[in-house]
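Dear colleague,

Please find below the structure that I am handing over to you. My findings follow directly after it.

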Amino acid sequence: MNKKEFTVNPMWLSQAKTLSEALPYMRRYAGETFVIKYGGHAMGDVQLAKKFARDIVLIKQVGIYPIVVHGGGPQIGEMLKRSKIKSEFVDGLRVTDKETVDIVEMVLTGTINKEIVSAVHAAGGKAVGLSGKDGQLIQAKKLQRPKPDTDSNIEKVLDLGFVGEPTNVNPNTLTSLIESGITPIIAPIGLGENGETFNINADTVAGAVAGAVGATRLLLLTDVVGILDKKGELLPEMTAATVKAAIQDGTILGGMIPKAETCLLAVGQGVDAAVILDGRVPHALLLEIFTEHGVGTLIRDG
Ligand code: ADP
Ligand code: MG
């Protein structure tokens, strides 16, 4: 009699294998806090946004505590255009007058924040949206960025208006949310000493939050493959020293500057590793966290 062989669909096998191979990573990271900056054009793509929300829910389900900080550059730009307000960038930071900061706050905390919260709920998770004003999460001051004056050698300070930097991140509200099984979704708005609203670069906020909660990893999703060298090739791994050099010699420019600086700060503050990764890749977060295939630039102290 012929023994009937039961053949399993190779696709199913490969799915089971992928899950099984994720086990060591799940065990390694269980109970740890990851801060994830969500931004770039990946955020505006409906399908990618759904996948991102699902990934966040999965990460939480396997025992990691995610905290999301989001940007909103393209959406803010769109709203400013519609309101006929001109806007310019210096070193990747948006010059922000009073009129602009009102729009920035409205788009970030009103529209985008709630979209992400809703997407996490739609994917079966629990999330609460906060801006830096909620629960005194982010106290901020006006950003002081020196601009060397090549003519006179006198350092001038760039005036970017209501662009702020965090002076203090109060982790209490975040801790309470996390302990209740809720994923915090943070809009990068800070509150000044005199009640001013500050627009803060979302990468900078992600770094400050990671330091304040003692996160193990900082993951910055963007819309490039990672940090590129002068020839335009991906640098898969960098140390703090090589990142500093790349900022100094102008390899890292524009919006990549606050990202690189944030990674430096984070690894200097004890975050194990900071990663800049390509949010255009579907499930970039899962690839980065649960497989041996990194999809960006990993930065460690050293
Ligand atoms: P996000 O919305 O994710 O914050 P940004 O536009 O602020 O994105 O920053 C990413 C941009 O930084 C890239 O699109 C790229 O134009 C620029 N950039 C400057 N230098 C580099 C570099 N060395 N490697 C990669 N990107 C760089
Ligand atoms: Mg940016």
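The side chains of the protein include 31 positive and 34 negative ones, and the centres of these two sets are 7 Å apart. Please bear in mind that this is a predicted model.

As to the surface, about 15,600 Å² of the protein is exposed, and carbon and sulfur atoms account for 54% of that area. Of the 302 residues, 45% count as buried.

The secondary structure consists of nine helices and 16 strands. Among contacts with a separation of 6 or more, 72% join residues that are 24 or more positions apart.

Concerning the overall dimensions, the C-alpha trace spans about 95 × 40 × 35 Å along its principal axes. The radius of gyration of the protein is 20 Å; a compact globule of 302 residues would have one near 19 Å, so the value agrees with that expectation.

One residue was examined individually. Pro146 is part of strand β7, which covers residues 145–148. Is Pro146 buried or exposed? Its relative accessibility is 49%, and exposed means over 50% whereas buried means under 20%, so Pro146 counts as partly exposed. Pro146 also has a spatial neighbour to report: Val157 lies 11 residues away in sequence, and the C-alpha atoms of Pro146 and Val157 are 4.4 Å apart in space.

Yours sincerely,
A colleague

Key: Residues numbered from 1 in each chain as written. Chains lettered and ligands numbered in written order. Predicted model: local features only at pLDDT ≥ 70, side-chain atom pairs only at ≥ 80, totals over all residues. Heavy atoms only, no water. Helix = DSSP H or I, 4+ residues; strand = E, 2+ residues; numbered from the N terminus. Buried < 20%, exposed > 50% of the residue type's maximum accessible area, 1.4 Å probe, protein only. Rg over C-alpha atoms; globule rule 2.2 N^0.38 Å. Contact = heavy atoms within 4.5 Å. Areas by Shrake-Rupley, 256 points an atom, 1.4 Å probe, with all protein chains shown as cover. Lys, Arg positive; Asp, Glu negative; His and termini not counted. Charge placed at Lys NZ, Arg CZ, Asp CG, Glu CD.
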